[in-house]
Amino acid sequence: IGAFNNQWTLEMSRDFRFSFLAEKLPSGEELLAVVDRETAARPWSLTRVWPSAASNVDYAIVTRIFDPHSGKVMVFVAGILQYGTEAAGSFLTDPGAFAEFDRRAPRNWENRNLQVVLQTNIIRQAAAVPRVLAVHVWDRQ
């Protein structure tokens with residue numbers, strides 16, 4: 001659970017289609033983003049000067065993979081900020097939020113690896129209902 005505060009998440013997910021990026025900009029601000037390795041654009045990003053994080057939106061990735069060695073399921077739930085992580089947890093536990101993914105996902109996703117990029121609005125320092133931005137599903141190895 002978590003992205004930039006969890007080195008294991010960053011390490012394990014760096015080669016997936018959707019992953020997290022943190023980089024220092026020449027202005028001194030920090031760019032935090034969910035990147036899509038299939039495009040050069042970074043539409044899901046936040047810029048901030050640490051420690052302030054004034055934003056009205058956050059992004060998250062939910063990843064579910066079947067470990068090729070053990071056959072066990074591994075799940076990564078992480079947002080750029082804590083609000084994205086909160087929204088990703090809500091996505092996994094709220095049937096209404098999950099229904100949007102189910103409508104967009106290809107058939108037979110249940111037995112495949114998957115990633116979902118989410119967006120949540122931040123309202124009064126809390127995450128709103130997450131919205132599915134992108135879905136990627138691929139076969140197990």
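**Exercise 1. Find the residue of β2 that is the bridge partner of K24, then describe the hairpin around this pair.**

Solution. Start at K24: its bridge partner in β2 is E30. Next, widen the view to both strands: β1 and β2 pair in the antiparallel sense over 7 bridges. (Two strands pair if DSSP finds at least two bridges between them; strands are DSSP runs of E with at least two residues, helices are runs of H or I with at least four, and both are numbered from the N terminus.) Finally, look at the turn: 5 residues lie between the strands, and G28 takes a positive phi near 95°.

A word on the model: it is predicted, so local features need pLDDT of at least 70 and side-chain atom pairs count only at pLDDT 80 or more, while totals for chains, interfaces and linings use all residues. Residues are numbered from 1 along each chain as its sequence is written, and side-chain values use heavy atoms, with hydrogens and water left out.

**Exercise 2. Work out which residues of the largest nonpolar core touch the most other members, and which elements give two or more residues to this core.**

Solution. A nonpolar core is a set of buried Ala, Val, Leu, Ile, Met, Phe, Trp, Tyr and Cys residues joined through side-chain atoms within 4.5 Å; buried means under 20% relative accessible area, with a 1.4 Å probe and protein chains only. Step one: among the 20 residues of this core, F20, V34, W44, Y59, I80 and V117 touch the most other members. Step two: two or more residues come from each of β1 (18-24), β2 (30-36), β3 (44-48), β4 (57-66), α2 (82-93), β6 (113-123) and β8 (131-138). The largest share, 3 residues, is that of β4. Step three: try V34, whose contacts (heavy atoms within 4.5 Å) include W44, Y59 and I80, leaving aside residues up to four places away in sequence.

**Exercise 3. Identify the residues that line the largest cavity and sort them by class.**

Solution. On a 1 Å grid over the protein atoms alone, a cavity is a set of points where a 1.4 Å probe fits but cannot get out, and lining residues have an atom within 4 Å of a point. The largest cavity has a volume of about 40 Å³, counted as the space filled by probe spheres set on the points. Its lining is T9, S13, F18, F20, I61, T63, F76, A78 and Q115. By class, that gives 5 nonpolar, 4 polar and no charged residues. (Ala, Val, Leu, Ile, Met, Phe, Trp, Tyr, Cys and Pro count as nonpolar, Asp, Glu, Lys and Arg as charged, and the others as polar.)

How values were computed:
Buried means under 20% relative accessible area, exposed over 50%, partly exposed in between (1.4 Å probe, protein chains only). On a 1 Å grid over the protein atoms alone, a cavity is a set of points where a 1.4 Å probe fits but cannot get out, and a pocket is an open set with protein on both sides within 12 Å along at least five of seven lines; lining residues have an atom within 4 Å of a point.
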